[in-house]
Amino acid sequence: MIHQKNQGLSAVRNVGIEAANGEYLTFIDGDDYVATIFLEHLVAALQDNIEIVVCGNKKMPAGEINSPAPQTISGEAATIELLTRQENYHVISCGKLYRRTLFQNITFPLGRKNEDSFTTYKLFAQAKKIAFINEPLYFYV
C-alpha cells in the first residue's frame, strides 16, 4: 500500500506508474466505474504489437454491452485523430490499457488541471499501434 500527502491526481498517477510492475496499466477515477468485461475486452484487443487499447465511455450506465472487434491504427494516425477530432474518449487517460513501457519518459504534469491533455497525445505519438473499441466500457460520473 502506498501512502502520500495529497498532491493531486497527477502525483498519484505518477507514483502508481513508478510502483507498478505489470506489463500493462489502466486508470479508473474513484468516482467512475467500468463494465465487468472492461479488462477482458481491452486485453483481448492486445494483438499484433498493440501498445494502447482505447474503449468508448459514457456518462450514464449502458445496458447490454456487446463485444465489437477493435479498429487498429498507427500511433501517428491516432495522434492526428486525437489532435483534430478532440473526442473525449481520446483525450482522457481513463478507459485505456497502456503498455507500461510507454511511460518510461512520460509523466503526468504536477499542478495542472486536465492533466490528460498534456499526456495522452505523447503516449499516442509514442505508440506504434493503438486499438479502438467504440463500445462504451468506461462510465464516468
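**Rings, charges and a helix face**

Let's start at Phe 118: the charged end of Arg 112 sits over this ring, 4.4 Å from the ring centre. To count as sitting over a ring, CZ of Arg or NZ of Lys must be within 6 Å of the ring centre and within 35 degrees of the ring normal. This is a predicted model, where local features need pLDDT of at least 70 and side-chain atom pairs pLDDT 80 or more, while totals for chains, interfaces and linings use all residues. Residues are numbered from 1 along each chain as its sequence is written, and side-chain values use heavy atoms, leaving out hydrogens and water.

Arg 13 plays a similar part in the picture, lying over the face of Phe 27 at 5.1 Å from the ring centre. Phe 27 is also linked by ring pairs with Tyr 98, Phe 103 and Phe 108 into a cluster.

Altogether there are 8 aromatic pairs (Phe, Tyr or six-membered Trp rings with centres within 6.5 Å; planes under 30 degrees apart are stacked, over 60 edge-to-face, the rest tilted). Tyr 98 and Phe 103 have ring centres 5.3 Å apart and planes at 75°, so they pair edge-to-face. Both Tyr 98 and Phe 103 are buried (under 20% relative accessible area; exposed is over 50%, partly exposed in between, with a 1.4 Å probe and protein chains only).

Now back to Arg 13, in helix H1 (residues 9-19), where Ser 10, Ala 11, Arg 13, Asn 14 and Ile 17 are buried. Helices are DSSP runs (H or I, at least four residues), as are strands (E, at least two), numbered from the N terminus. Those buried residues cover an arc of only 165° around the axis, which puts them on the same side of H1; the arc is taken from the directions from the helix axis to the C-beta atoms. They pack against strand S1 (24-25), with contact meaning heavy atoms within 4.5 Å.
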